[in-house]
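Me: Please take a close look at one salt bridge in this model and describe its setting in formal terms. I would then like the account to continue to the other charged pairs, the helix packing and a few local features.

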Amino acid sequence: MSEKITLPPISYTGWGSLSHLLEEVERFNAKKILVITDPFLKDIGITNKVVDPLEEAGYSTEIYTDVVPEPPLAIGEKLVAYTRENAFDLVIGVGGGSALDLSKLAGVIASHEGKVADYLNLTGTKKVTKKGIPTILIPTTSGTGSEVTNISVLSLETTKDVITHDYLLADVAIVDPALTISLPPKVTAATGVDALTHAVESYISKNASLVSDALALQAIRLISNSIRTAVTNGEDKQARTDMSYGSYLAGLAFFNAGVAGVHALAYPIGGQFHIAHGDSNAVLLPYVMGYIRPSCEKRMKDIYDAMGFSSANLSQEEASYKCVAELKRLVEDVNIPSTLKGFNITEDALDSLTMDALEQKRILARSPMPLLKEDIYIIYKAAFDGVIIEK
């Protein structure tokens, strides 16, 4: 059976890979460059590492910092309008997933008619039809994988929606772990578990392939064995490098195989309570995996091995139980709350979370176990109580 594998056109990875930026900018013959970045990164000087070499080489740059975590639709609409009005011919995104997702919007939707809302997956009526402005994406976290995917996520009133098309793929991704050194422990933890979730969900996805499997398992190996060090000692070059590669590989894996139940249930938590996407994934990861465990025991045995343990003397069932326990332990070890109560989410919110999660049909369809309304509520209740429940 044939399989379609999509990869970004050009990627640079590894320590110091930002040095390739100028040569890539030259290829596009750009005259007016829009640099979209997190305001924090501009304040601490990370953005200067991108902008200064460009300006020294004679390029005209404009820095845009109206970027917030889990960006709402209104932020996307404002950016696209700004990009249209100023006729930029190259977009460079610098930052975490929010900055990179917004950069994709600026590059593609600014070249189309209508509003950003017209192109949303759940409610939009228009289709993406052309590539738009060339885009270079430079992540400063090891987590979202946004630099190598064709998805842009936006927050709505109580949930999230996406715009997805291969035209949203960056022309160039530059993944330099040196840019992650200044990342605070809390953000390192949340984005790191986000990347781990991408890899885990890719591996158990109904759309998994031999190629995505290889990417996902290597990402799990790298992240599981480096995230604790990266959180406790952010200056550790090897840990930062392994996290960077792990996030990159996890991004490639989930771009091709897709994510599933954890993300479907995480989107409403982010939408209703404005909790960071990485934290939303992290708090749900062991509870979703514990619930669907019977449907993917063999795959969870593989994940357990990839995390650095040995299942040689264990049955698939025994290894799958241990896998869930280790996922829960990892989340706790990097100091992310292990229950919804830990994020001040009350029990009376579980019904509305369930209803919003049901709308994520595109993502839920990839789960190896069908997750219906009753199942989703049970998982949320388990995450609220802190008790892993099996179907």
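Reply: Lysine 298 and aspartate 302 are joined through their side chains by a salt bridge, with an N to O distance of 3.0 Å. The model is a predicted one. Both residues belong to helix H12 (residues 297-306), and because they stand 4 residues apart in that helix, about one helical turn separates them. The two partners differ in their exposure class: lysine 298 is partly exposed, at 42% relative accessibility, whereas aspartate 302 is buried, at 17%. The aspartate falls into that class because its value is under 20%.

A second pair is found within helix H13 (residues 316-333), where arginine 329 and glutamate 326 are 3 residues apart and thus separated by about one helical turn. Their salt bridge has its closest N and O atoms 2.5 Å apart. Here arginine 329 is partly exposed, with a relative accessible area of 40%, and glutamate 326 is buried, with a value of 13%. Elsewhere, Glu347, Lys381 and Asp385 form one network through salt bridges that share partners.

A third pair connects two helices. Lysine 186 and aspartate 279 form a salt bridge between their side chains, at 3.5 Å from N to O. This pair links distant parts of the chain, for lysine 186 lies in helix H6 and aspartate 279 in helix H11 (residues 277-292), 93 residues apart. Lysine 186 is exposed, at 62% relative accessible area, while aspartate 279 is buried, at 6%. In total, the model has 15 salt bridges.

The helices that hold this third pair also take part in helix packing. Helix H6 (residues 185-204) packs with helix H9 (residues 237-257) at an angle of about 40°, and their axes are 8 Å apart. H6 is therefore oblique to H9; an angle under 35 degrees would have counted as roughly parallel. The crossing of H6 and H9 is left-handed. Helix H11, in turn, packs with helix H10 (residues 261-273) at an angle of about 135°, with the axes 8 Å apart. H10 is therefore oblique to H11, since only angles over 145 degrees count as roughly antiparallel. The crossing of H10 and H11 is right-handed.

Turning to the backbone, asparagine 29 has a positive phi of about 50°, although it is not a glycine. Asparagine 29 is placed in the loop between helix H1 (21-27) and strand S2 (32-37), and it counts as exposed, with 53% relative accessibility. Alanine 87, likewise not a glycine, has a positive phi of about 50°. The loop that contains alanine 87 runs between helix H4 (73-86) and strand S4 (90-95). With a relative accessible area of 57%, alanine 87 is exposed.

Finally, the surface includes a nonpolar patch of about 220 Å², made by Ile5, Leu7 and Val211. Isoleucine 5 belongs to the segment before strand S1 (10-13). Its relative accessible area is 30%, so isoleucine 5 is partly exposed.

Conventions. Residues are numbered from 1 along each chain as its sequence is written. This is a predicted model: local features need pLDDT of at least 70, side-chain atom pairs count only at pLDDT 80 or more; totals for chains, interfaces and linings use all residues. Side-chain values use heavy atoms; hydrogens and water are left out. Patches are made of residues with over 30% relative accessible area and no salt bridge: like charges are joined within 9 Å, nonpolar side chains (Val, Leu, Ile, Met, Phe, Trp, Tyr) within 5 Å. Accessible areas come from the Shrake-Rupley method with a 1.4 Å probe; for residues, only the protein chains shown count as cover. A salt bridge is a side-chain nitrogen of Lys or Arg within 4 Å of a carboxyl oxygen of Asp or Glu. Helices (H or I, at least four residues) and strands (E, at least two) are DSSP runs, numbered from the N terminus. Buried means under 20% relative accessible area, exposed over 50%, partly exposed in between (1.4 Å probe, protein chains only). Axes are lines fitted to C-alpha atoms, for helices over the stretch in contact, and angles run from 0 to 180 degrees between N-to-C directions. Angles under 35 degrees count as roughly parallel, over 145 as roughly antiparallel, 65 to 115 as roughly perpendicular and the rest as oblique. A crossing is left-handed if the near helix is turned anticlockwise from the far one by less than a right angle, and right-handed if clockwise.
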